[in-house]
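Colleague: I am new to this structure and would like to learn how to read it. Please take me through it feature by feature.

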Amino acid sequence: MGHSRPWKLFAVAIVVVTTRLSAQSMAASMKMPPMPHAPVRVTVDSTTHHVIVTTGPWTLPPMLMDGDLPMMNMAGMGEGHEAHQEQLLVKFPWPHDAWLRGFKLTITDKDGNVMPQRTMHHMEFVNFDRRQLVYPMAERVLGIGEETAAIKLPRTVGVPMDSGQEVGVFLMWNNDTGHELDGINLRFELITAPRNLTPRPVAVLPFKVDVNNHPGLPDSYEVPPGGSSKSYEFTVPVSGRLLGVGGHMHDNGVEMRLEDVRTGKVLARVHTLHDSAGDVIGVSRQLLAIKGRGPHLRAGRLYRMVSVYENKTSVPIMGVMGVLGGLFAPDDIRDWPKVDRTSKEYLLDIATGPVLRQVDALSPVNVFAAIK
Ligand SMILES: [Cu+2]
């Protein structure tokens, strides 16, 4: 992993990019307003070595996120998750070997006043050069929703990031003020620690299992009347420990479990949390590594993820989701399979961009930071 490499200093901007992709033409064909754009700069703080993405000034037209355009309730898309206009803000080579430990996000207006975080609807920090544990798709290192606070992992764990890995930031704005906003600047700080940090943190990577995963397509599904479980069996390509789990479900969700198929043993379980009206407001989090070291998953062994919904009505419930997320500490990160950037699943997953990508604030790293 090259963790003994000397720590490099970067004090200057390493990338200046404006990304347009085909978003404009896509927007036109979808009868959506053209996407706004602004310059992007990636720098490394010379003292802290944190990687800082800044962009602006942006002019954001008023956006109707919950009713008219540009929200699209596409056929089969279900309720609750819409495809908004998400764009790949920037792609850049990660500048140095480091432990990623969290992020800080600041949005300011033209006078430098801090804007509410919901000015940004959704962001994702993606490592294009590492695959996910369960799926051959690009690693989602961080997912940030409107309410996600700044996070910092405990010092005992860190996500290893290697110099030269291609990373990127997806961004979706949300201007619900009813008027145009201009002079908007965004600063996204990726908090790092030097790779030679002592004591050496445990290397952790995101763990994510979606009970209805279809790269490039919505992962929502429907629940028929009566109780209903949906399950998905999978293997992991590298052995390791699951340090904690959380997840994401919609209304009428009950629980999600991770089971060993051969023994039937439940390795992890989370349940939905409700408000006084009974609506699902979240999923419980289970820290598995406080006592003992968390369940050990073995490469090649069969595991089952079960998502349980209860439908007490006489009609199907459309558009639900079941996603289990957490942090996984591989026994030996050198066994992590190489990403195949030409695989169909990989390409479908990142190619959908602004049209079909779903909004989902679940991030395995966030889950762990919140339960530490
Ligand atoms: Cu969802």
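Modeller: Start with pairing: two strands pair if DSSP finds at least two bridges between them. In this predicted model, one such bridge joins Val53 to its partner Phe188 in strand 11.

Colleague: Over how many bridges do strand 3 and strand 11 pair?

Modeller: Strand 3, residues 51-60, and strand 11, residues 181-194, are antiparallel and share 7 bridges. Another bridge in this pair puts Leu60 with Leu181 of strand 11.

Colleague: Which sense does the pairing of strand 5 and strand 11 have?

Modeller: The sense is antiparallel, over 10 bridges, with strand 5 spanning residues 98-108. Within strand 11, Glu189 stands opposite Lys104.

Colleague: What lies between strand 2 and strand 3 in their hairpin?

Modeller: There are 6 residues between the two strands, and His49 in that turn has a positive phi of about 65°. Strand 2 covers residues 40-44 and pairs with strand 3 in the antiparallel sense over 5 bridges. Arg41 has Thr54 of strand 3 as its bridge partner.

Colleague: How should I read a whole sheet?

Modeller: Read the strand order, then look for the edges. One open sheet has 4 strands in the order 4-10-6-7, with antiparallel pairing. Strand 4 (87-93) and strand 7 (138-145) are at the edges; each has a single partner strand, so one side of each is left without a neighbour in the sheet. From one strand to the next, the twist averages 20°.

Colleague: Which residue stands opposite Met123 in strand 10?

Modeller: Leu171 does. The strands concerned are strand 6 (residues 120-131) and strand 10 (residues 166-173), which pair in the antiparallel sense over 7 bridges. As a general idea for any such strand, side chains in a regular strand alternate between the two faces of the sheet.

Colleague: What is the strand order in the open sheet of 5 strands?

Modeller: The order is 15-22-17-18-19, and the pairing is antiparallel. Strand 15 (226-234) and strand 19 (280-283) are the edge strands, each pairing on one side only. The average twist from one strand to the next is 15°. Strand 15 runs antiparallel to strand 22, residues 303-311, and 9 bridges join the two. In this pair, Tyr309 of strand 22 stands opposite Ser228.

Colleague: How many helices and strands does the chain come to?

Modeller: The count is 4 helices and 24 strands. Of the 372 residues in the chain, 37% are buried. Among contacts between residues at least 6 apart in sequence, 80% join residues at least 24 apart.

Colleague: Which residues have the most contacts inside the largest nonpolar core?

Modeller: They are Val169, Leu171, Val204, Leu242 and Phe328, in a core of 74 residues. Strand 10 gives the largest share of this core, 6 residues. Domain 1 (15-194) and domain 2 (204-371) both contribute residues, so the core lies between them.

Colleague: Which residues does Val169 touch, leaving out those up to four places away in sequence?

Modeller: Val169 touches Val53, Leu89, Val90, Met123, Phe125 and Phe188. Two of these names have come up together already: Val53 and Phe188 are bridge partners.

Colleague: Is Gly294 buried or exposed?

Modeller: The cut-off for buried is 20 or more other C-beta atoms within 10 Å. Gly294 counts as buried because it has 23 C-beta neighbours inside 10 Å. Gly294 is in the loop between strand 20 (286-287) and strand 21 (296-297). Gly294 is also 34 residues from Phe328 in sequence, while their C-alpha atoms are 9.4 Å apart in space.

Colleague: Where does the pLDDT stay under 50?

Modeller: One such stretch is residues 367-372, for which the model has 20 contacts beyond four places in sequence. For the chain, the mean pLDDT is 81, and 77% of the residues reach 70 or more. Residues 1-32 have a pLDDT below 50, with 59 contacts in the model beyond near neighbours in sequence. Where pLDDT is low, the predicted coordinates should not be read in detail.

Definitions and conventions. Residues are numbered from 1 along each chain as its sequence is written. Axes are lines fitted to C-alpha atoms, for helices over the stretch in contact, and angles run from 0 to 180 degrees between N-to-C directions. A residue is buried if 20 or more other C-beta atoms lie within 10 Å of its own, exposed if 12 or fewer, and partly exposed in between; C-beta atoms are placed from the backbone. Two residues are in contact if their C-beta atoms, placed from the backbone, lie within 7 Å. A nonpolar core is a set of buried Ala, Val, Leu, Ile, Met, Phe, Trp, Tyr and Cys residues joined through C-beta atoms within 7 Å. Domain bounds come from an automatic or database domain assignment. pLDDT is the predictor's confidence in each residue, from 0 to 100.
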